[in-house]
Amino acid sequence: MITIKSRSELESMARAGEIVATALKLVEEAVRPGVTTLELNRIAEDYIIRQKAVPLFKGVPCPINGGPDFPGTICASVNDEVIHGIPGLRELKDGDIISVDMGASFDGYCADAARTFAVGNISESARRLIEVTEQCFYEGMKHAVKGNRIVDISRAIQRHAESNGFSVVRDYVGHGIGRELWEAPQIPNYVTRERGPRLEPGMTLAIEPMINQGVYNVKILRDKWTVVTADGKLSAHYENTIAVTGGEPVIMTKLRGEGT
Ligand code: MG
């Protein structure tokens, strides 16, 4: 079921969103060669808990039979890792890229966002992948307006990625969000046979393009969580929680005072 949020519910989501955006900013500031992904996890978790918010990824049951619950507050996915990387003792190296995804709830309402960061000096092609992935989010969001359908968001994302020579991950999609981290509808980043529901004011969506340098196919590592590109090429991720309104969509996962 797609939930429509009241003004006060949207305010709670915006507070959760500000906490997530700030935690991502703190992680970004800590990203450098030599830091471990576990240290980045600690920074995010400490901040979220100090805000009296709840990290939402920690303890999520593994979608694969027999896999462990997710142990991290963040997903930390390096280079060819697409999503769901488990924070650990891996040290980031100059030239790496790292996708950091996190969700938190405040007052019972959820927010979810992801960014890909450069570690030190990265290649021009990695830089372009990160930029185009962010642009894909904004291209998609433009279409998150009253009366459109989910497919309008999907199409814009796919066009932008593919016209820049990149591919769109098929196996994982964006989603509705509210009291639950994952709500209806699904938001694919590519055009499927489903047009999806019509958008209405008060719907809140996590739009999250996952864009690959090479093929769109992915596989899952033996830890039963980490999703990697099938060809070992780079992948980037960019996500915000947004609200559909009567006019322009509004980003909920933003820093205090930041535009849109
Ligand atoms: Mg998400």
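How far apart are the end C-alpha atoms of helix α4 (residues 150–163)? The legends below start with the whole chain and then get to that one.

**View 1. The whole chain, with its 4 helices and 15 strands.** This is a predicted model, in which local features need pLDDT of at least 70 and side-chain atom pairs count only at pLDDT 80 or more, while totals for chains, interfaces and linings use all residues. Residues are numbered from 1 along each chain as its sequence is written, and side-chain values use heavy atoms, with hydrogens and water left out. Helices (H or I, at least four residues) and strands (E, at least two) are DSSP runs, numbered from the N terminus. The C-alpha atoms fill a box of roughly 45 × 45 × 40 Å along the principal axes. The radius of gyration, taken over C-alpha atoms, is compared with a globule rule of 2.2 Å times the number of residues to the power 0.38. For 260 residues, a compact globule would come out near 18 Å, and the chain has 17 Å, which agrees. Buried residues make up 54% of the chain; buried means under 20% relative accessible area, exposed over 50%, and partly exposed in between (1.4 Å probe, protein chains only).

**View 2. Helix α4 and what surrounds it.** Back to the opening puzzle: at 1.5 Å a residue, the 14 residues of α4 should span 20 Å, and its end C-alpha atoms are indeed 20 Å apart. The expected span is 1.5 Å times one less than the number of residues. Since 10 of its 14 residues are buried, α4 is largely enclosed by the rest of the structure. Among those buried residues are I150, D152, H160 and A161. Their cover includes helix α3 (124–142) and strands such as β6 (167–168) and β8 (183–187), where contact means heavy atoms within 4.5 Å. After the helix comes G165, with a positive phi near 85°.

**View 3. Helix α2 (residues 37–50) and its neighbours.** Here are 14 residues again, reaching 20 Å from first C-alpha to last, close to the 20 Å expected. The buried residues of α2 include T37, L40, A44, Y47 and I48. Among the elements covering them are α1 (7–30) and β4 (97–106).

**View 4. A23, a buried residue in α1.** How much of A23 is accessible? Its relative accessible area is 0%, so A23 counts as buried. Leaving out residues up to four places away in sequence, A23 touches A44, Y47, I48 and M102. Three of the names may ring a bell: A44, Y47 and I48 are among the buried residues of α2. G202 sits 179 residues from A23 along the chain, and their C-alpha atoms are separated by 25 Å.

**View 5. K52 and D107, two loop residues with positive phi.** K52 lies in the loop between α2 and β1, and its phi is near 60° even though K52 isn't a glycine. Its relative accessible area is 71%, so K52 is exposed. D107 sits in the loop between β4 and β5 (109–118). D107 isn't a glycine either, yet has a positive phi of about 60°. At 58% relative accessibility, D107 counts as exposed.

**View 6. A cis peptide bond between A184 and P185.** Omega for this bond is near 0°. P185 is found in strand β8, which helps to cover the buried residues of α4.
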